[in-house]
Amino acid sequence: MASRLIVKNLPKHATEERMRDYFAAMGEVTDCRLKKTKEGVSRNFGFIGFRSPEQAQQAITKLNRSFFDTSRITVEIAQTHGSDGIARPWSRFSPGSTKHAKEQEIASGGVAQTEVKLGGGLTGKQRKDDIPKEEMRSSEGASASAAMDVEVAAPKQATADDGDGVDDLSWLKKKSADAPAPADDAVAGEDPKKGKKKKKAKAKAKAK
């Protein structure tokens, strides 16, 4: 059994001196290392070594899921590099993680892989440089034309009442002829009730 442990979920303000003091009660600490970024910021985990595997096992039993200040830490056996027991790395600082691979590709001048969908229905991860410009343009044009499609209403069927085949002047004359003729006693722009009153007044004047 190994005697070197990994301690995860350490608080940002943790130091190697405080880690050593925290684990010293479990046995003789041979080394202590807190992992940091290039900028000197803590990565919230570190390694600690004991003189014997028995001391390391005792530290796991008593200190795993204990509280280091306000952080609940995880204490496990440190796996050797390349071991199958190592979980897939997630940090962008760890080789083997997706984020680390992307950053390395960008730093080396490579082109990040992007998922594309062409007009012909082709999908998959391809490099943009590998796609012909004509296909890229056709894909973009198809998307734009689909958004601008407008439904056109069917033309109205012509009927006899529409005056199909008749010029505008003849059609207006026809409509005027079909309109009902105004009453004889009606005066343009005059109220019919006023017209009746005037008619009665004329009748009375003639009677006198």
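Trainee: Which residue in E3 is the bridge partner of Val-7?

Mentor: This is a predicted model, in which local features need pLDDT of at least 70, side-chain atom pairs count only at pLDDT 80 or more, and totals for chains, interfaces and linings use all residues. Residues are numbered from 1 along each chain as its sequence is written, while side-chain values use heavy atoms, leaving out hydrogens and water. E1 and E3 (strands are DSSP E runs of at least two residues, helices H or I runs of at least four, numbered from the N terminus) run antiparallel and are joined by five bridges. In E3, Val-7 has as its bridge partner Gly-46.

Trainee: Which are the edge strands of the sheet?

Mentor: Four strands form an open, antiparallel sheet in the order E2-E3-E1-E6, where pairing takes at least two DSSP bridges. Pairing on one side only marks the edge strands, E2 and E6 (74-77).

Trainee: Which element gives the most residues to the largest nonpolar core?

Mentor: This core (buried Ala, Val, Leu, Ile, Met, Phe, Trp, Tyr and Cys joined through side-chain atoms within 4.5 Å, buried being under 20% relative accessible area with a 1.4 Å probe, protein chains only) has 19 residues, and Val-7 and Phe-23 are among those touching the most other members. Elements giving two or more residues include E1 (4-8), H1 (16-23) and H2 (53-63). With four residues, the element that gives the most is H2.

Trainee: What angle does H1 make with E2?

Mentor: H1 lies across E1, E2, E3 and E6. Between N-to-C directions, on a scale from 0 to 180 degrees and with axes fitted to C-alpha atoms, H1 and E2 make about 140°.

Terms used: Buried < 20%, exposed > 50% of the residue type's maximum accessible area, 1.4 Å probe, protein only. Contact = heavy atoms within 4.5 Å.
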